[in-house]
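Trainee: Before I accept the labels used for this model, I would like to go through the reasoning behind some of them.

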Amino acid sequence: MKQGIVLHQWLVLFSLIDMFCSSQSLTHDYGQALSKSLLYFEAQRSGHLPHNQRVTWRLHSALNDGLEQGVDLVGGYYDAGDNVKFGLPMAFTVTMLSWSVLEYGKDMAEAGEYVHALEAIKWGTDYFIKAHTHPNVLWAEVGDGHTDHYCWQRPEDMTTSRQAFKVDENKPGSDIAGETAAAMAAASLVFRETNPHYSHLLLYHAQQLFEFGDKYRGKYDDSIGVAKGYYTSVSGYMDELLWAALWLYKATNKDHYLEYVLNNAYAFGGVTWTMEEFSWDVKYVGVQIIASMLLMEERHKIKYRHVVEEYRSKGEHYICACLNKNNLTNVRRTPGGLLYTRQWNNMQYVSNAAFLLTVYSDYLTTTGKMLHCQNGLVGPNEIFTFAKSQIDYILGSNPMAVSYFVGYGAQYPQRVHHRGASIDSYKKTKGFIGCTEGYDSWYGRREPNPNVLIGALVGGPDSNDQFRDERSNYIQTEACTYNTAPLVGLFAKLSRLEVENLSLNAHLIAST
């Protein structure tokens, strides 16, 4: 009898071990992905690099930015594979990084990456402080996409124009002023405890920028023509003004910012637009989701019940669209299950969607609520499971078994469309590489990039899950800072859950 019991225990033990090993073969190392995601922002740094720079194939660059205009614009981020500093996507990147820290900062700290996340945010906000030289002046772009794209050069070798462009009272830019205000307000919350003086400074700039953007209204690309075709503000500026006001309300708790969001809900499209995307350009869904979560407090529900319900309805429409739970308007999917919004750099929409779905699933879990879709009620676990499936697809659980997150997994893009990564590091080849020499000697090479752009999320596969790893295939192989930014928070949460699952499995095995 005793031998039978012992045999049974061993069988259970082997079964648990087998389950544990099998589960590990199907899961991803989210902690490793988190660490890599933050390295990417170091690779995208412009300016004078710090002593603790970990991406060592990069060196100082663009050290005279703003000199012609008599202003110090050294620093900030290159948005993608080129060498222009575009203010609108840079600000959105910082907003999403800050939101990630606000939601999942404890998870980052447990993984040992909290300091790196704050460094990534501060590299952007330090630049925004420089760029906001007057209450009604914001320097919105450094460099010119037209001339920059003629050359294929490392940022350390740049010979292209570094002309800087600003918005002001005469040439307004409510969208970029609003997004930069949102970024600085969100970041002020991040630094409130660790660096209160800096937090106060960021909030001061955020409030001024919002007032500027609201008072002098206009699209920034109407004022800065060279931005058109690169980061055209298709959605206009009203979504950014609502977005900025919400973040300022979160940062200040001042009712007049909340009243701005509520009073302009209809006129600015906050509760009239139902969207199937959230991006650097289109912020409406972000407004609707945050408004839904903020405004469900009883004091707001009583006073603004109708508007609150409209915001919630529109925000949940997006969540349901991603889950394919609406009757008509849903976000398309590839045969492999990836959300598919459009051909060019589709992964930006995927990472943003996964972040919003995860945040909203957390909210539903906390409040004990359910999601009301046209095709029925959905629980928070189902929402999060789908969001996780999108992250796992990114990391390699897809028909091509390719990780679209560079530097992670056995197979990932080797020929990322990125000037600095595709040319020998300046430390290795110190000789100057001219404008067209980069194209002649490096761009057309079939060999993998000499530098791995770790943590970059490339544009990703087409609507049929197909992907061509070619440097010239920029639609699929170029990466952007705002692609990776939402992943930082998601990887942090998934890393914590992974550790908890491992601990649980180990406990089950030990107790058998």
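Trainee: Which elements do the buried residues of α7 pack against?

Mentor: This is a predicted model, in which local features need pLDDT of at least 70 and side-chain atom pairs count only at pLDDT 80 or more, while totals for chains, interfaces and linings use all residues. Residues are numbered from 1 along each chain as its sequence is written, and side-chain values use heavy atoms, with hydrogens and water left out. The buried residues of α7 (buried being under 20% relative accessible area with a 1.4 Å probe, protein chains only) pack against α4 (114-131), β2 (138-142), β3 (164-167), α6 (174-190), α9 (238-252) and α10 (255-263); among these buried residues are Y198, L202 and F210.

Trainee: Why is the pair of Y360 and Y363 called tilted?

Mentor: The search of the whole structure finds 28 aromatic pairs. For Y360 and Y363 the ring centres are 5.4 Å apart and the planes stand at 35 degrees, so the pair is tilted: centres must lie within 6.5 Å, and planes under 30 degrees apart count as stacked, over 60 as edge-to-face and the rest as tilted. Both Y360 and Y363 are buried.

Trainee: What makes the pair of Y393 and Y404 stacked?

Mentor: Their planes are 15 degrees apart, with 6.4 Å centre to centre, and the pair is therefore stacked. Y393 lies in helix α15 (residues 380-394) and Y404 in the loop between α15 and α16 (419-422).

Trainee: How do you know that the charged end of K122 sits over the ring of Y198?

Mentor: The distance from the ring centre is 4.7 Å, and the criterion asks for NZ of Lys or CZ of Arg within 6 Å of the centre and within 35 degrees of the ring normal.

Definitions and conventions
Buried < 20%, exposed > 50% of the residue type's maximum accessible area, 1.4 Å probe, protein only. Helix = DSSP H or I, 4+ residues; strand = E, 2+ residues; numbered from the N terminus. Contact = heavy atoms within 4.5 Å. Phe/Tyr/Trp six-rings, centres within 6.5 Å; stacked < 30°, edge-to-face > 60°.
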